[in-house]
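Student: Can you walk me through this one? I'm new to it.
Tutor: Sure, take a look at it here.
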Amino acid sequence: MPVVVGLGNPGPGYAGTRHNIGFLVAEGLLGGRGEWTREAAAETARARVAGEEVLLVRPQGFMNRSGEAVRMLQERRGLAPEEILVILDDFLLDFGRLRLRRGGSDGGHNGLASVLKVLQTDQVPRLRLGVGPVPPGESDIDFVLAPFAPGEEVAGLVERGCAATRCWLAEGIEAAMNRFNGCPALERTAPPSAASERDEEDR
């Protein structure tokens with residue numbers, strides 16, 4: 001059974017942050033057609049996606065311990081690394097761009113690093129969703145742990161991630177890479193300035 005691991009941090013304080021886009025895509029794939037249950041340091045749900053029976057996983061340790069849940073599930077279910085798709089945020093990619101890879105380094109992402117470490121291989125498919133760029137003067141950590149800005153089309157980003165995952169399931173990673181790795185960034189709409197808000201109130 002294919003496994004989709006959406007990375008994020010548990011708890012209401014992290015809901016809706018850029019670092020949790022993996023959780024949001026996993027929720028989008030489930031789409032209210034099932035329920036999350038607790039299993040092996042994770043929340044899991046079975047779903048039918050692109051004609052496949054899929055196990056959706058949201059690790060419930062913090063990001064840098066995401067691999068613990070994957071290790072426990074591997075021991076229980078005998079998961080093969082090539083059957084696992086890890087979905088994560090990437091602040092080095094412009095907002096809305098996607099990057100699918102068969103394997104490779106963790107690229108500095110602590111959650112992916114933890115998964116690769118426990119699986120003892122870097123040949124794990126991954127889907128990076130662009131949430132960048134980081135504004136000048138802001139730290140990377142503060143940026144990814146902050147909520148999405150009003151002008152960021154989060155629903156569009158989640159749907160794009162879901163579409164790429166469906167393609168991976170239905171047609172394989174080569175087709176998904178060809179189709180989605182060249183997607184342009186999503187357009188941002190600038191949030192209204194304080195001055196324009198005051199102007200609107202005066203009308």
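Tutor: One term to begin with: Ala, Val, Leu, Ile, Met, Phe, Trp, Tyr, Cys and Pro count as nonpolar, Asp, Glu, Lys and Arg as charged, and the others, Gly among them, as polar. The model is predicted: local features need pLDDT of at least 70, side-chain atom pairs count only at pLDDT 80 or more, and totals for chains, interfaces and linings use all residues. Residues are numbered from 1 along each chain as its sequence is written, and side-chain values use heavy atoms, leaving out hydrogens and water.

Student: How do the residues lining the largest pocket divide?
Tutor: Eight are nonpolar, seven polar and five charged. A pocket is an open set of points on a 1 Å grid over the protein atoms alone, where a 1.4 Å probe fits, with protein on both sides within 12 Å along at least five of seven lines; lining residues have an atom within 4 Å of a point.

Student: Which element gives the most to that lining?
Tutor: β5, with five residues. Strands are DSSP runs of E, at least two residues, and helices are runs of H or I, at least four, numbered from the N terminus.

Student: New topic. Why is α1 called largely enclosed?
Tutor: Seven of its 10 residues (21-30) are buried, so the rest of the structure largely encloses α1. Buried means under 20% relative accessible area, with a 1.4 Å probe and protein chains only.

Student: Which ones are buried in α1?
Tutor: I21, G22, F23, V25, A26, L29 and L30.

Student: What comes after α1?
Tutor: G31, with a positive phi near 60°.

Student: And what covers the buried residues of α1?
Tutor: The cover includes β1 (3-6), β3 (42-49) and α5, among others. Contact here means heavy atoms within 4.5 Å.

Definitions and conventions. Buried < 20%, exposed > 50% of the residue type's maximum accessible area, 1.4 Å probe, protein only.
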